[in-house]
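Ready to work through a structure one exercise at a time? Have a go at each task before you read its solution.

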Protein chains: 2
Amino acid sequence: MKLYELAPTPSARRVSIFLAEKGIEVPRVNVDIRGGENLSAEFKAKSVNGRIPLLELDDGSYLCESVAICRYLEEIHPSVHSLFGNTPLERAKVEMWQRIIELQGLMVGFQAFRNLSGVYKDRENCVESWGTESRQRVIDFLPSLDQQLSKSPFVAGDEFSIADISAYVFISFIKNLDIEVTDSLPHLKAWFITMTQRPAIVSLTPKK
Amino acid sequence: MKLYELAPTPSARRVSIFLAEKGIEVPRVNVDIRGGENLSAEFKAKSVNGRIPLLELDDGSYLCESVAICRYLEEIHPSVHSLFGNTPLERAKVEMWQRIIELQGLMVGFQAFRNLSGVYKDRENCVESWGTESRQRVIDFLPSLDQQLSKSPFVAGDEFSIADISAYVFISFIKNLDIEVTDSLPHLKAWFITMTQRPAIVSLTPKK
């Protein structure tokens, strides 16, 4: 098994935190995304979506999409407390929150950043006004996350889950949009500080 | 258990097809989305994302997000052949394709439609040029789906799965964008015809 990744991208980071939380080690191979290594025919033959992270299995087949990779790793390395939830209702709530964080948070933040910064303008058309609109939608989404975290210690309820990893990556990412979690979002702010202190996340944070 | 839905929306349709494929009946309650019924405080207190479909459980709690609802229904009504896959690798491939269809297809199509048509301009800012760009991205995505369907009878491999339901709803939806699956996409076209003939889908198609 081998993981193709480039540590600084948010999607690669989700998988890295997931692996660290579960204490699993997988050999890593770096891919130069900004240099366009993922645009080569060789890479595209491996990764259906043309993106990282990409997991090479021992039978020579490949899995892409960060959450699919995490789900597979969870199943072949089961923990007493699954990061996808332990009962049908827990699993449904993790999936619900995971999707809310992704569809109303993370993906909207990516669109804001890509369209405002033009970081990938060599390979996609950017629409600056959509970037501005998306940035505003990220700001408008934060209070509902704060509200949820006023009701439970973790995003999907009483237990830490992959939804917390996605939310942590999301909140870390929005500093690229000059969005800050201020005291007006006290539950979100407190949860984020707790997250930065988790041993798995500390282990991945570059030393100053 | 009670399902809040409005049959003509694509997300409600995904859950309806899923239920019909599994042969499960759940009482339905209509919600007037275009009239803004989902914007009321009462509805928002039930649905975390303020959207349908929304599943009311017997203990009075609620689940939103169509895929979370389907996953829950699959788990409490297990079939010999799960629509989420039967082995860790099958489940990972279903999730991978499900995400590709959603993130590169369905969600992009929704953004194209909402920004071009202004259907919800009473409640969101529309950016027409992003609608145009998204429509083009939908067109650019179709060949990779055609290629996958040249290799396997169903989207995620040898078995019918929730990824086929998502892809069917996506391909049905893009007629709203004046995008047609032509003979230049023969595998996608053939798969779509097979899908329209499935008993579950026939049972949900209005009689002419």
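A salt bridge here is a side-chain nitrogen of Lys or Arg within 4 Å of a carboxyl oxygen of Asp or Glu. Before you start: this is a predicted model, where local features need pLDDT of at least 70 and side-chain atom pairs count only at pLDDT 80 or more, while totals for chains, interfaces and linings use all residues. Residues are numbered from 1 along each chain as its sequence is written, chains are lettered from A and ligands numbered from 1 in the order in which they are written, and side-chain values use heavy atoms, with hydrogens and water left out.

**Exercise 1. Find the domains of chain A and describe how they meet.**

Step 1: get the bounds. Chain A is assigned domain 1 (2-76) and domain 2 (88-198); such bounds come from an automatic or database domain assignment. Taken over C-alpha atoms, the centres of the two domains are 21 Å apart.

Step 2: look at who touches whom. With contact meaning heavy atoms within 4.5 Å, domain 1 of chain A brings 15 residues and domain 2 of chain A brings 17 residues.

Step 3: put an area on it. The size of an interface is often given as the accessible area lost when the parts come together. Buried area is what two parts lose in accessible area (1.4 Å probe) on being put together, summed over both. For domain 1 and domain 2 of chain A that comes to about 1,300 Å², with 60% of it on carbon and sulfur atoms.

Step 4: count the polar links. Three salt bridges run between domain 1 and domain 2 of chain A. Arg14(A) and Glu102(A) pair up in a salt bridge through their side chains, at 2.8 Å from N to O. A polar contact is a pair of N or O atoms within 3.5 Å; within protein, one must be able to donate a hydrogen and the other to accept it, and residues adjacent in sequence count only if both atoms are side-chain atoms. Four residue pairs, both at pLDDT 80 or more, are in polar contact between the two domains of chain A.

Step 5: name the elements. Helices (H or I, at least four residues) and strands (E, at least two) are DSSP runs, numbered from the N terminus. On the domain 1 side, helix 1 (10-22) and helix 3 (66-76) of chain A give two or more residues. Helix 1 of chain A has the largest share there, with seven residues.

**Exercise 2. Work out how chain A and chain B are related.**

Step 1: superpose them. The fit is by least squares on the C-alpha atoms of residues with pLDDT of at least 70 in both copies. Chain A lands on chain B after a rotation of 180° with 0.0 Å of shift along the axis, at an RMSD of 0.0 Å. So what you have is the relation of a two-fold axis.

Step 2: find the axis. Trp130(A) is the residue of chain A that comes closest to the rotation axis, 3.2 Å away at its C-alpha.

Step 3: compare the two surfaces. The same surface serves both copies, as 100% of the contact residues of chain A recur in chain B.

**Exercise 3. Describe the interface of chain A and chain B.**

Step 1: size it up. Each side has its own tally: 40 residues from chain A and 40 residues from chain B. The two chains bury about 3,600 Å² between them, 60% of it on carbon and sulfur atoms.

Step 2: check the links. Eight salt bridges cross this interface. In one, the side chains of Glu102(A) and Arg99(B) meet at 2.7 Å, N to O. There are also 13 residue pairs in polar contact between the chains (both at pLDDT 80 or more).

Step 3: see which elements contribute. On chain A, strand 4 (62-64), helix 3, helix 4 (88-117) and helix 5 (128-151) each supply at least two residues. Helix 4 of chain A gives the most, 16 residues.

**Exercise 4. Spot the unusual backbone geometry.**

Step 1: recall the usual case. Most residues other than glycine have a negative phi, and most peptide bonds are trans.

Step 2: pick out the cis bonds. From Ile52(A) to Pro53(A) the peptide bond is cis, with omega near 0°. Pro53(A) sits in the loop between helix 2 (41-46) and strand 3 (54-56) of chain A. Ile52(B) and Pro53(B) are joined by a cis peptide bond too, with omega about -5°.

Step 3: check phi. Glu65(A), a residue other than glycine, has a positive phi near 75°. Glu65(A) is in the loop between strand 4 and helix 3 of chain A.
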